[in-house]
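Biologist: I am new to this one, so please show me the model and then let us talk it through.

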Amino acid sequence: MNVNSDLFPCVRADIEELREGVVLLPGYCSTPELYKIVKRVLKFAPFRYMRTPGGRQMSVAITNCGSVGWLSDKNGYRYSEFDPLSQLAWPDMPPEFFELAKNAAAVAGYPDFEPDCCLVNCYSTEARLSAHQDKDELCFNHPIVSVSMGLSAIFKLYGTKRGGTALDIRLDDGDVLVFGGAARLAFHGVARVLARGPDGHQGLEFLPEQRINLTFRRAL
Ligand code: MD3
Ligand code: FE
């Protein structure tokens with residue numbers, strides 16, 4: 001099946017179910033175009049380092065677009081209509097983002113996915129994301145769509161209970177991962193960001209030193 005828009009051509013067609021509920025679309029999207037759109041979002045809602053409820057500053061910088069955004073502070077993790085920095089609504093989700101996420105979910109077997117939140121994560125090579133579940137959303141029947149840009153990362157996927165051995169997945173620029181069904185409440189994290197690109201090059205020209213991940217969710 002090929003339902004890709006021209007904006008996000010499928011560079012490689014080998015769609016792979018890595019484990020039940022986890023579908024990898026390698027090199028699915030054209031990231032230089034996507035990154036231009038990310039930069040427009042950042043003008044309204046720049047990256048910032050949030051604090052965990054325990055008071056630690058996260059090493060991943062984040063922002064959001066969509067009708068709600070995910071945030072963390074001393075009062076906990078939650079979704080909010082408002083950006084705490086500007087006190088304004090988060091920027092609208094760009095239609096290209098919505099189309100990409102909806103389309104990738106459909107290819108992976110979730111034809112009704114309509115994200116209301118795009119969490120944008122920015123990783124330096126020092127950043128890590130420790131193992132966690134995404135469970136701040138109202139309904140876990142919806143999948144989560146992850147889009148990787150820039151430097152590659154080693155992503156760890158565990159089971160639905162904490163601990164155990166992880167499946168290591170290298171996520172490269174342009175890769176899209178869809179998590180649903182049995183994998184929706186799996187523990188997962190980012191162990192490290194690789195300083196060099198997948199083929200031994202320095203990072204990409206447009207994103208030489210960072211990894212940016214778009215995480216599309218249906219929060220409400
Ligand atoms: C849900 N981000 O923001 S992509 C996060 O690469 C997050 O920035 C990672 O985990 C990143 O919460 C991973 C999103 C993702 C990945 C795997 C999942 C969500 C998932 C597995 C099960 C459920
Ligand atoms: Fe997560």
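Biologist: How do H1 and H2 lie to each other?

Modeller: In this predicted model, local features need pLDDT of at least 70 and side-chain atom pairs 80 or more, while totals use all residues. Residues are numbered from 1 along each chain, chains are lettered from A, and side-chain values use heavy atoms without hydrogens or water. Helix H1 (residues 31-44) and helix H2 (residues 95-107), DSSP runs of at least four residues, pack at about 130 degrees, on a scale from 0 to 180 between N-to-C directions of axes fitted to C-alpha atoms. Angles outside under 35, 65 to 115 and over 145 count as oblique, so H1 and H2 are oblique.

Biologist: How far apart are their axes?

Modeller: H1 passes H2 in a left-handed crossing, the near helix being turned anticlockwise from the far one by less than a right angle. The axes of H1 and H2 are apart by 10 Å.

Biologist: Which residues of H2 make the contact?

Modeller: Contact means heavy atoms within 4.5 Å. H1 brings Leu34, Ile37, Val38 and Arg40. Facing them from H2 are Glu96, Phe97 and Leu100.

Definitions and conventions:
Helices (H or I, at least four residues) and strands (E, at least two) are DSSP runs, numbered from the N terminus.
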